[in-house]
Amino acid sequence: MKSYVLITGATGGLGKAFAVECASRGWPLYLTDLRPEPLELLAGALHRTYGVPVRWRACDLTDAGQRTALCEALRSEQARFGGLINVAGGDHEGLFCEQTSAQLRSIVRLNIEATIEMTHALLRLRDASETFRIVNVASLAAFYPMPYKATYAASKRFLLDFSLALRQELAGQGVTVTALCPAGLPTTPACIAAIEAQGVMGQLTTQNTGAAAAGTLDAALAGKAVYIPGLLNRLLRALGGLVPPTVVAWFIGRRWGAARRDLGNPAESSILVPEASPA
Amino acid sequence: MATNLTGKTIVITGATSGIGLATAEELTRRGAHVIGVGRSVGRCRAAEERLAALNPAARPAFCTADLALQSEVRRLAGEIRGLLAARGPAALDGLVNNAGTFTYWLALTTEGFETQWAVNYLAPFLLTHELLPLLAAAPTARIVTVSSESHAHTSLRWADIQLRRRYNGLLAYQQTKLADILFTAELNRRLRGQAPHVHAFAADPGLVDTPIGQKGTPELVQWVWQRRRDAGIPPAKAAQGIIALLDEGLAPRPDTVYWRHGQPRQPSRQAQDAAAAQRLWALSEQMCGTNNGSLS
Ligand SMILES: NC(=O)c1ccc[n+]([C@@H]2O[C@H](COP(=O)([O-])OP(=O)(O)OC[C@H]3O[C@@H](n4cnc5c(N)ncnc54)[C@H](OP(=O)(O)O)[C@@H]3O)[C@@H](O)[C@H]2O)c1
């Protein structure tokens, strides 16, 4: 990769793993996330450790105005891009009826709108001399209707279908699109608590973010359409595909209902849980 | 009772719990002026009160810093410089790099480093660099980095030294403890030319009854560590071994870097690899941005 790779959500758990993995491969980076302080720290450390150029710019991707400003800045800086990793995404804990309409809107804006717009903008700033790699972070949730995470899972379904379709549309134009569909990743205390509440199954299906990031980049370079980290997760996905969606929804509802009770109803809190809630 | 350590100024990281707290307590009893470091304001305040109750004349002080971050290590060093300057001639007689952590799931710091690599290894490397001018200003000074016998179970995986791609919490922990010994050996080699009155030691405290494996780890890990720590020695006993190394009564031996309970020991073959120590040093300088430092 000669040109910049843009990573959204770059200072979150999975975003950092992608940033470090790209830098360790010698790829120039352009990082974005909400807050400037962590971006500056990460960019500085990656630059001195791996010797790659690292640029960054803070942006609230749920805000259309700020997204436009970011894309304007990218254009005026005349950076050329060889890849885009759309990591920024999230969910709000809580049952559908407990979530505010502002929360629901922010899920759609971040997971869907921002991904579409960044993809659209970056394709115009691509370095035509190399294959352009797009990675969209979906989730295993993309494959299933998920009670308790209805909006989130459906937004991930959107990303999966969008990626598959775009990949076909741009085939032959030097663009690959890969959808990453991880099970729960142990990125935040809330995610870890949710994984541990699932007991042995949580342990077995959980992949470390570093391995997931490295595997995803290998899959992207190979032009793969979908990458699911973990053998067991791939197997579960294959089995899940054989069962009617209504049955899957019933089964997930049962398991998650139990896990939620174990956690003492996290619906009480209303934090924006970053990427990759357990699926 | 006046001892060799009475009136000495000693920085101890991770002094809010376990071995670090026990070391701070014993040093305070012996009249040393302890500057403790912890990551939680509340636990720092509690530890400071505890020390002050043991020996108010020793005037213990605490600084709060998250040693997982290099930016915090640098800020901490500035705070320590300030504390010392306010008390008289700015010199430091001892530094105990004790803070350590075990993380079951891979967690990257804000600066993108694996957390155990950052706290257990890079923080000692960088803090030593930052405080070296103060240590060199003392008539003699000691640097003790707390390692572990578990270093012997592994070698450095150069291709993925932070084990990001194939993370295993225990293996990552062991690597940091091996790196601590290699760092100490290379540090001594460099100090011989630049500041021969400063000497570094890597200490194995033995198996010690502390909560290190039970902070934010899964229940099973907590259960396993509880069984292990039940067989461990009390922190106060481990502290004795560290304090022995700070005492100028004990003469450092050339080419001996690894100690347990105040006695020199052979570390693993990997820990004695001088070429690996130099390679690790160069890599660490790059990671910490200390390429132009006094020890380069
Ligand atoms: N216990 C053993 O059997 C054993 C054996 C061999 C080596 N060691 C080594 O001995 C050293 C001390 O461990 P311990 O057993 O006494 O464990 P401990 O009781 O958990 O103490 C660790 C200390 O380090 C602090 N700390 C952890 N992460 C930090 C961070 N990011 N920034 C600042 N401070 C941080 C802790 O603060 P909090 O109080 O806030 O947690 C605590 O004060 C470690 O280096 C460990 O690897 C221990």
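Two strands are taken as paired when DSSP finds at least two bridges between them. The structure on display is a predicted model, and the tour starts with a pair of this kind.

Select strand S4 (residues 81–86) and strand S6 (residues 132–137) of chain A. These two strands run in the parallel sense and are joined over 4 bridges. Within the pair, Gly83(A) is found opposite Arg133(A) of S6(A).

Next, extend the selection to the whole sheet of chain A. It is an open sheet of 7 strands with parallel pairing, and the order across it is S3-S2-S1-S4-S6-S7-S8. Strand S3 (54–58) and strand S8 (226–227) of chain A have a single partner strand each and stand at the edges, so one side of each lacks a neighbour in the sheet.

Remain at the S3 edge and add helix H2 (residues 36–50) of chain A. This helix lies across strand S2 (29–33) and S3 of chain A, at about 175° to S3(A).

Now turn to chain B and select Ile80(B), Leu131(B) and Leu135(B). These residues have the most contacts inside the largest nonpolar core, which has 54 residues. Among the elements that give two or more residues to this core are helix H3 (70–87), helix H4 (115–136) and strand S5 (141–146) of chain B. The largest share, 12 residues, comes from H4(B).

Centre the view on Leu135(B). Including only partners over four places away in sequence, Leu135(B) touches, among others, Leu92(B), Leu95(B), Ile143(B) and Val198(B).

Finally, select Leu46(A), Ala213(A), Leu163(B) and Tyr167(B). They are among the residues of a second, separate core of 36 residues.

Definitions and conventions. Residues numbered from 1 in each chain as written. Chains lettered and ligands numbered in written order. Predicted model: local features only at pLDDT ≥ 70, side-chain atom pairs only at ≥ 80, totals over all residues. Heavy atoms only, no water. Contact = heavy atoms within 4.5 Å. Axes fitted to C-alpha atoms, helices over the stretch in contact; angles between N-to-C directions. Core = buried A, V, L, I, M, F, W, Y, C linked by side-chain atoms within 4.5 Å. Buried < 20%, exposed > 50% of the residue type's maximum accessible area, 1.4 Å probe, protein only.
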